Amino acid sequence: MQKLIVHGGTKLRGEIELQGSKNSALPILAAAYLCSGKCVLHNCPKLTDIYAASRILNSLGCKCTFSGNTAEIIPSESDYAFISDELMREMRSSIIFLGALLGRHKKCTVSYPGGCELGPRPIDMHLAAFRKMGVEISENFGKVVCNVRKKVHGTKISLAFPSVGATENIMLCAVLAEGETIINNAAREPEIQDLAEFLRRCGAKIKGDGESRIVIEGVEKLGGCEYSVMSDRIACATYLSAVAGAGGEAIIHKACLNCIEPFISLLDQTGCSIYTLDEGIYVRSGLRLKAIESCIRTMPHPGFPTDAQAVFMAALLKSDGTSVFEENIFDCRYRHTDAMKKMGADIKVIGKTAVVQGVDRLYGANVEATDLRGGAAMVIAGLMAEGTTEVSKICYIDRGYEEIEVYLRKLGADIRRE
Ligand code: EPZ
């Protein structure tokens, strides 16, 4: 079992180039299944979740190969439309392949993706939308069995919550459906726009992505395309939080400031100096960070991203004052706080609220990553602590961060993988 060994106390200083976005590459890989031509995907991050998605594509008859950060997907000739339990369980967001399967097949079966470290991951909104599009769905023994009598047809769908996955899944099912599909209360995350842009390059007719109302006109078929995935805005928030918490300065290339504007404005309130460069962000963190006066509420985009909650909390652990977090997206996304308290942090969790009282010192400890972003937050806390921190179960971290220790070493961190 690998672990990360972090020696804290060093200020960070250096430059990195951001990895491609996991949460954009995953739905785009699923979208490639809909294409009848070859797709070439650049800036694809080297992550275990990405390789899990490629195994699903290969199990469906595609030929998905990687060369560095470029993925090549040759379309499948087969009409096989079944994803095994094992493959579905490998990656929590594997349900994104259901929309793509429905875009091409009248019958398909996948197993329920199941819960994850953040709590249950229901797919009720996904399935309700597919049923409205003419899919007969039966759920039994953990399986989701889908049947379409004629062809999936467009319809008007109003999401009860702007679910990212449900919005993406509906888009994948709608691009080859009969007629027009309207998604009201759609998710507005930048990754939705990236997916829509990829699909348009392949010939899809999509408008309104990035807004709450997306309109998709079904087409007969999609060709292939060559596309470059957007950079990972959550990885950007992670490395900015690392510099803010540990102190120092850095340039993060290929960062898109607008994609994480709510995070940047809070980081600015801590007293960090932040400047936008041509294709990146410069950040400098000097004295002790100021605590955030207003409540930090995680919200759907363009609100503060839930994926940045843990890493920003880490940066504030030694701030001067009290900050209050409110996690509104996932049921249990404070599992990282136990490890932080073991390192000397002062955090009180009451339901969806976490009260963080800045302390003067943190101490290295042996901790276990609980989930993807929580694990990264523990690494940041380790950089801020005196002594050595060992973070185990880093398979969680490797799901979303490309060689996190290499990136942090480029910023001058004393960290190694064992
Ligand atoms: C995507 O997950 C991201 N994953 C998550 O990133 C991110 O935290 C989340 O969006 C919110 O931004 C990928 O893109 C691969 P949701 P997703 O559907 O699609 C509930 C990371 O760290 N819900 O917007 O699963 C759901 O339980 C990961 O990179 C239903 O109740 O998020 C959750 O509470 C973690 N029924 C809320 O909505 C449904 O049918 C938001 O979920 C669907 C969702």
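A salt bridge, as the term is used here, is a side-chain nitrogen of Lys or Arg within 4 Å of a carboxyl oxygen of Asp or Glu. The exercises below apply to a predicted model.

**Exercise 1.** Decide which residue forms a salt bridge with Asp 49, and place that contact in the arrangement of the domains.

*Solution.* Begin with the division of the protein, which has domain 1 (3-15 + 232-417) and domain 2 (23-228). Next, look for the partner of Asp 49, which is Arg 399, with the closest N and O atoms 3.1 Å apart. This distance of 3.1 Å can be set against the cut-off of 4 Å. Finally, turn to the interface of domain 1 and domain 2 as a whole, where 2 salt bridges are found, together with 8 residue pairs in polar contact. On the side of domain 1 that touches domain 2, helix H13 (residues 395-400) gives the most, with 5 residues, and by class this side has 9 nonpolar, 3 polar and 11 charged residues.

**Exercise 2.** Describe the extent of the contact between domain 1 and domain 2, and find which three residues supply the most of the area that domain 1 buries.

*Solution.* The centres of the two domains, taken over C-alpha atoms, are separated by 31 Å, and the contact takes 23 residues from domain 1 and 21 residues from domain 2. The size of an interface is often given as the accessible area lost when the parts come together. For domain 1 and domain 2 the buried area is about 1,800 Å², with carbon and sulfur atoms giving 52% of it. Of the area that domain 1 buries against domain 2, His 301, Arg 399 and Glu 402 supply 35%, which is more than any other three residues.

**Exercise 3.** Find which backbone features stand out at His 301 and at Lys 393.

*Solution.* Most residues other than glycine have a negative phi, and most peptide bonds are trans. His 301 is joined to Pro 302 by a cis peptide bond, with omega about 10°, and Pro 302 is found in the loop between strand E17 (296-297) and helix H10 (309-315). Lys 393 has a positive phi, near 55°, and this residue lies in the loop between strand E22 (388-392) and H13.

**Exercise 4.** Work out which residues are closest to the ligand, and which side chains place polar atoms by its oxygen atoms.

*Solution.* The ligand is surrounded by 23 residues, the closest being Asp 124, Ser 163, Asp 307, Ile 329 and Arg 373. Ser 163 has a side-chain N or O atom 2.7 Å from a ligand oxygen. For Arg 121, a polar side-chain atom lies 2.9 Å from an oxygen atom of the ligand, and for Lys 22 the distance from a side-chain N or O atom to a ligand oxygen is 3.0 Å.

**Exercise 5.** Say how many salt bridges a search of the whole structure finds, and locate the partners in the pair of Lys 143 and Asp 85.

*Solution.* The search finds 22 salt bridges. In the pair of Lys 143 and Asp 85, N and O are 2.4 Å apart. Lys 143 belongs to strand E8 (residues 143-148) and Asp 85 to helix H3 (residues 85-90), so that by the chain numbering the pair links distant parts, 58 residues apart.

Key:
Residues are numbered from 1 along each chain as its sequence is written. This is a predicted model: local features need pLDDT of at least 70, side-chain atom pairs count only at pLDDT 80 or more; totals for chains, interfaces and linings use all residues. Side-chain values use heavy atoms; hydrogens and water are left out. Domain bounds come from an automatic or database domain assignment. Contact means heavy atoms within 4.5 Å. Buried area is the accessible area (1.4 Å probe) that two parts lose on being put together, summed over both. A polar contact is a pair of N or O atoms within 3.5 Å; within protein, one must be able to donate a hydrogen and the other to accept it, and residues adjacent in sequence count only if both atoms are side-chain atoms. Helices (H or I, at least four residues) and strands (E, at least two) are DSSP runs, numbered from the N terminus. Ala, Val, Leu, Ile, Met, Phe, Trp, Tyr, Cys and Pro count as nonpolar, Asp, Glu, Lys and Arg as charged, and the others, Gly among them, as polar. A residue is near a molecule or strand if one of its heavy atoms lies within 4 Å of it.
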